[in-house]
Each structure stands twice: as structure tokens, then as C-alpha cells.
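Okay everyone, thanks for coming. I'll walk you through how the pieces of this one fit together, so have the picture up while I talk.

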Amino acid sequence: MSTPLHVERRDRVLSAMAGADLDVLVLGEQANVVYASGHHRLWTAGTRPHAPTCIVVRRTGATHVLSTWDEGVPDDVPFEHLFGITWNPEVMGAALAAIPGLSDARRLGVDGMTAGFLRAVERLAAGAELVVADELLADARRTKFAAEVDLMRAACGVAAAGLDAVVAALPTPDAAAAAVAVDAMARAGSTKPVGEPLVRTADGSTVVDLGVLVEGYEGGIGRTLGGDPEGTADVHRQALAACRPGTVAPGSGSGVTVEVRGAGLGAERPVVGTLEAGMVLSVTTTAGSHRWRDLVLVADEPRPLLGGDDVDGEG
Amino acid sequence: MDPATGTDAHGIDVGRLRAERLQRLRGTMAAQGIAALVLTHAPHVGYATGHRVPASDGSVANFQRPVAIVRADEDRPHLVGGEPDGLDVVAHPGSTPDHDEGARALASVLEEVLGDLSPGQVAVDGWTGPMLRSGTPPLAGSADARPVLGAATISKTADELACISAAQRINEEAMLDVGTELAPGTRRSDLAATFLRRTRELGVDTSMIDPIFQPMPRAISDGPRTTTGDVAFPTGLGDPAYREGDLVWVDSGITVNGYASDFGRTWVCGRDPSAAEQELFDRWRAVIDAVLDALRPGVTSGDLCRAAAAANGGERPWLPHFYLAHGIGIESAEMPLIGTDLGEAFDDAFVLAPGMVVVLEPVVWMDGVGGYRAEEVVAVTDDGWRALGGEHPYDPFVVR
């Protein structure tokens, strides 16, 4: 039996902690929490104030997660490693103090902070050196395991179902088309948007850009419906084909903008430096009011996650 | 925007909403001895500047967020990055503080705007990793912005109440259609699809939580296991298909101008409630009536908790990891928090005042039968309370 994805990810985090000489990680960013713990909770929109949501202890190899129930928590996280939702900083402090390895941590990594959490850390791990660890997590997340790519491919399929529904509904006002898209994507497998669904009609063509999460992983598609007089789809196809290891991310050309960012547990950072095999990129090619977007797996033969070569206007 | 009245599609005077809010915020800063705020949490930025908060995943919201800087001695807030068009702000070019480049740009704006202040005069609501790396604002010595935001937002202006009411009514209207679809064999995704489509058709594109249509267990021992030994809700997991007789707990929230609604009901799949299930509702209604009878300015949270328990045979009728009631506004749950694990002394010390919003969400549970849960959104007035929703029906339960 293959190693479960959450174990692969946790092992990579533990290994990164060893490399950075971190004793404990206290994570609050949702994507980092999912990556390190495998814990899925109710999706909510927008930024979240930083709060200790997942604690990883290198010495024990254990993850401790903020959850009042065991549903959504991987089976290999013992029930005793859950700490429940609380409104009371003293209750939270006591729950954290009970985590073996926290109070005697020498180096404690965080991916964000608040003044309130700083006070808690100063009390709970008085001797610990605080280390900013958002980059450590970003590095760990950058190249994808096969199971991650599978989930992203599934999410792309859901987004494509939304696009198909828009194609079938046109002509219709943009807002109505967006409503059709979210309905179709919900029935196809996701009610969790990455960004706002874009449907924008101008100059006789309609740009559609949709993105959803499946088990936390991003999928997306952007297409321009109704003609491509400038041949921008060709530029987009070339940009996707250029996503090979050891090269820099494809850049913009005359009149055409190519934007590249990482994709994984939601949107990741813009790509700096050379590409690595196993990265998944969201590549957006824009010319005037036209736009194409695909997720592509970086490989010697780069593979758009939707497969095939179907980036033409009519989907 | 209607140029004749200055109101938006929901009838809200957005200019007045923003101006009164900023005035409250600056007044609270002065009262708390805070000279400046640095705000990174999107609802806080929206509160201070009017910057729109879209319903994006956190990963995108982080990368799109601007930063607000508010000085108590300046009329206009500063916005670093974001989309300042149409906002009465001092706009600074910049990008998200979730990149090192954005954090460096922010640091230089902070030096320019707040350079004359000491760290203890500046309150911050949160640091991203890149902000911690840039060292500006400094983590050590900066004040906590959350008490300022908490105090400023706890009592709502008339326009804020109008936003919450508009959100609540649209949320309820969308749910009228969703409720008719619940039947044996339908799935959670079917109901969520209709809800998300209907809210958009009604002009709202900000569903702020993944809408919940959770079939509930009949007994706590049916699981999931919880740290409190009580019922697990809302888990927000999976795509269950409903069976006849399922008790489905419904919860959703959308926003209008950044102000949240909170819809809660219990539905029964495919049949009328049994006599025992109807009794759960009757008791829930009695709890609501008892709390609303007690609700007026000057009453404490503790008084409301005791009224609720008295109407439920002495037992606290709410989930122990949550509350009897919570406030709502720029967050889907904010102060006042009533009946939480902050404890009875906290509840007894908290006095309700006009303009506060109270979302009552008692749960009546009878192990083996199941539970009834719904939510009532009301605002405290000068002499009592008024409902902010549109008196949404409790179908299929009967109000007796």
C-alpha cells in the first residue's frame, strides 16, 4: 500500500524542520495547517487572524490540531492530540502547555503572529527563539507529490464543468453566467472557490476564469469564448510548453502578458528562479481583453492538468 | 449607486456608513491611547477604509490583501496596495504583505507615515511572515489592535444594522428555494449549488462560509467524537446523500458591504417532524422566547444564559464549544460572545447596550431523538430588541 498523502507531506515538513534546526512549528495559515496535519475543516472565505491551529513537534514527530471533533482528522492523529475550539486564551494556553515538547523548545517556527500569541509564546515557551518559518513551508510545498497532482487534476475537472455550463448558457448576462458556473461546479464536486468566478463580456467575446478547491487543492481554467483574432491561444500554448525543469518561468512578449504563480493548496507564490520538476504552475496569458489560464505540471514534457491541447476558445 | 439618494442597491448610504465607522474607530483609538493602527486582516482593512472583501479562499485573499494605516490625528486612513479607486483614502502603491517585496514596501510607507511615533503607540492586528522578517512594524513592543477594533465595532450604526439586515433577508430568500429541494436521495452538493446560485441571482456574490447542510446523528454516541463530549457541528465535510427522516442542520452566511448574515434552521428530510422532534422545536422556541423576553439594554450576558437554561429545565441549551449567542458584523462571529468558555464571571460582567447585534443559536438536544438548532438575528434597541431578518419560516416545524 502506498504512503498516504498526509504522511508524505508530514515527513517532508519534519525533514525540513530538521534541516532548519526547528524543534516546534506553530502554524496558523490554513494551507500550511492542511499540509502539515492533513486536517480539513469548514471552509471560510478570506484572511484569518493568526492563531495556533497546528503544532508539529520534531522530537515526537507528532501533529496536534485545533479541532473539537475527530472527523476530518487523519486516523493516525490520536484523539488526545486534538485541542478544541475555545474563546478563552487561558484554556488555549493550557491546551498548548500540555503538548509534549513545546515548553522546552529551543527554536520555535511560526508562519505569522499576533500580539496576543506573542504573549502566549513568551509564557509557554519562555526560552524559545522565534523563527519565521513561512518560507520553510513554502519550500516544502513547492514540488508536488503524485497524489497532490491527482487532486489538482480533479479540481481542474470541476472548474472545466463550470466552464462547460457557461458555454451552454451563453448568451446571458455575466452575473447570470457566473451563477450558472458556481451551480455547475458545486454539483460537479466543489463549493469552495479559489477566487471570485470571472465572467466578463466585452467586444464580442467572453472571458471566463474559474477556480475551485478539491480537498484543499486548487484547480482552475481560463478561456476566452468567441474568437481569438490575435492568436493568443497559440502564445498560451507555447507558454505551457515552456514550463520545463531548469528553465525560468515563461515571460511576457509584445502585447501579451504571461503571469506565472505556484498552485497547490490554493494559490502559492509567484515563481522566482528556475523551474523544478514536480512544480504545478498557474499560467495566465492575457492580450487585451482576452485571457487564457491553465494549471501545468513542470516536466520535461510539461503536462497541462486538464490534458490534451484544448486551449482553443470554444473549450 | 443612486446619485439622487447616494444609496447603493441595498438602500445603504455607503458614504455615511464609512464616515461614521472611521469616526468611531478614531474615537476608540483616542480613548485607548493608541495613536495609530496597522491593519492586515481584510475585514479590519475594510472597516477602516471601505476596501472590498471578496469571498476568496484564504490563499488568494492573503495575496490580494492591502494594509490599512489609521492615525488618530488624521482624517483619512492610508491604504497600501489594494484597489483605492472610489475610497476616501491616502493611497500608497504596494502589494501584499505576504511577499517580501510587499513587506518591504509596507515598511517604507510605515516609516514615512508613522515615523514620529514609538512602537507602543502603534497597534497591529497581525504580522505575516514577510512582515516579521522585515521587522516593521516591530513585533516586540507594538500594541494589540484587536481591543481597539473590538470596542469600535461592538455597537453598530444604523447603516451597519441595515447592511446586516439586507444580508440576512437575501440569505433567507435564497434558502426558501433550497428548502424545497431537500428530499431523499438529494445530496448536500445539490442544496449548496442552489444556494450559491440563488444568492448570486439575488445580487450577492459573497458566500463567506461553505454552506452547511449537515445530517445530524440521533445520539451523541453515534459520533463524531468530540473533546467536549457533545455534538460535532459544523464539520463541513463530505457530500452526504439524505435519507428520509434525516434532521439536517443548516447554516450559511453571506455579506452585504462586508457585513455578514447568519442563517440557521433545522430541516427534516422527506416527512413531517415526529411528535418527539416537534417537542424539540417547541422547547427551542420556548428558550428563544425566554431570552428575547429578557433582552434589553442593561441586561447582562449572564442574565440571558440563565433565562435560556431556565426555559430548558435548568440545562444550558447550547453547544459547549460555541455559545448561546454571538455578535455579528464584519466577522461572522464577534463580540458580544454570550455563554462561551470565557465563563460565568465574564458573562455576568458583560452588559448589553443599544446597537449590539445578538445571534441566538440555542440547541435543544434529546439523546436518541436528536436536536433542533436554528438562529435568530436581533439588534438591541433603546428599550428592547428588533429582528434583523424577515421572519423566515421554521418549516416543517409548527409554531404553536
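Let's start in chain B, with strand 8 and strand 9, residues 247–252, which pair in the antiparallel sense over four bridges. If you want a spot to click on, B:Phe213 stands opposite B:Val250 in strand 9 of chain B. Keep in mind as we go that what you're looking at is a predicted model.

Now zoom out a bit. That pair belongs to an open sheet of three strands in chain B, in the order 8-9-12, with antiparallel pairing. Which strands are at the edges? Strand 8, residues 212–215, and strand 12, residues 263–268, of chain B, and each of them pairs on one side only. From one strand to the next, the twist averages 20°.

Over to chain A, and some more strands. Strand 11, residues 257–264, and strand 13, residues 280–287, of chain A run antiparallel and are joined by six bridges. Have a look at A:Val258 there: across from A:Val258, in strand 13 of chain A, is A:Thr285. Strand 11 of chain A also pairs with strand 12 of chain A, again antiparallel, through three bridges. One of the pairings to find is A:Ala263 with its bridge partner A:Ala267, in strand 12 of chain A. And how many residues does the hairpin between strand 11 and strand 12 of chain A run through? Just one residue.

Okay, helices. Find helix 6, residues 146–169, and helix 7, residues 174–188, both in chain A: their axes come within 8 Å and cross at roughly 140°. So helix 6 of chain A and helix 7 of chain A are oblique to each other. The crossing of helix 6 of chain A with helix 7 of chain A is right-handed. Who's touching whom? On the helix 6 side of chain A, the residues include A:Val158, A:Gly162 and A:Val166, and on the helix 7 side they include A:Val180, A:Ala184 and A:Met185. By class, that contact between helix 6 and helix 7 of chain A has 12 nonpolar residues, one polar and no charged ones.

There's another helix pair in chain A to look at. Helix 1, residues 5–19, and helix 5, residues 134–142, of chain A have axes that come within 10 Å and cross at roughly 135°. That makes helix 1 of chain A oblique to helix 5 of chain A. Here too the crossing, helix 1 of chain A with helix 5 of chain A, is right-handed. Helix 1 of chain A brings A:Arg12, A:Val13 and A:Ala16 to the contact, and helix 5 of chain A brings A:Leu136, A:Asp139 and A:Ala140. Sort the residues where helix 1 meets helix 5 of chain A by class and you get four nonpolar, no polar and two charged.

Next, domains. Chain A is divided into domain 1, which is 5–141, and domain 2, which is 146–304. Measure between their C-alpha centres, and domain 1 and domain 2 of chain A lie 32 Å apart. Their contact takes eight residues from domain 1 of chain A and 10 residues from domain 2 of chain A. On the domain 1 side of chain A, the elements giving two or more residues are helix 2 and helix 5. Helix 2 of chain A has the largest share of that side, with three residues. By class, the domain 1 side has six nonpolar, one polar and one charged residues.

Last stop: where the two chains meet. 54 residues of chain A are in contact with 56 residues of chain B. On the chain A side, the elements that each supply at least two residues include helix 2, helix 4, helix 5 and strand 12. And which element of chain A gives the most to the side that touches chain B? That's helix 7 of chain A, with seven residues. The chain A side divides into 25 nonpolar, 17 polar and 12 charged residues.

There's strand pairing across the chains as well. Strand 6 of chain A and strand 6 of chain B, residues 127–128, run antiparallel and are joined by two bridges. To see it up close, go to A:Gly112, whose bridge partner in strand 6 of chain B is B:Thr128.

That's my tour, so over to you.

Conventions. Residues numbered from 1 in each chain as written. Chains lettered and ligands numbered in written order. Predicted model: local features only at pLDDT ≥ 70, side-chain atom pairs only at ≥ 80, totals over all residues. Axes fitted to C-alpha atoms, helices over the stretch in contact; angles between N-to-C directions. Parallel < 35°, antiparallel > 145°, perpendicular 65-115°, else oblique. Left-handed = near helix turned anticlockwise from the far one by under 90°. Contact = placed C-beta atoms within 7 Å. Nonpolar A, V, L, I, M, F, W, Y, C, P; charged D, E, K, R; others polar. Pairing = 2+ DSSP bridges. Domains from an automatic or database assignment.
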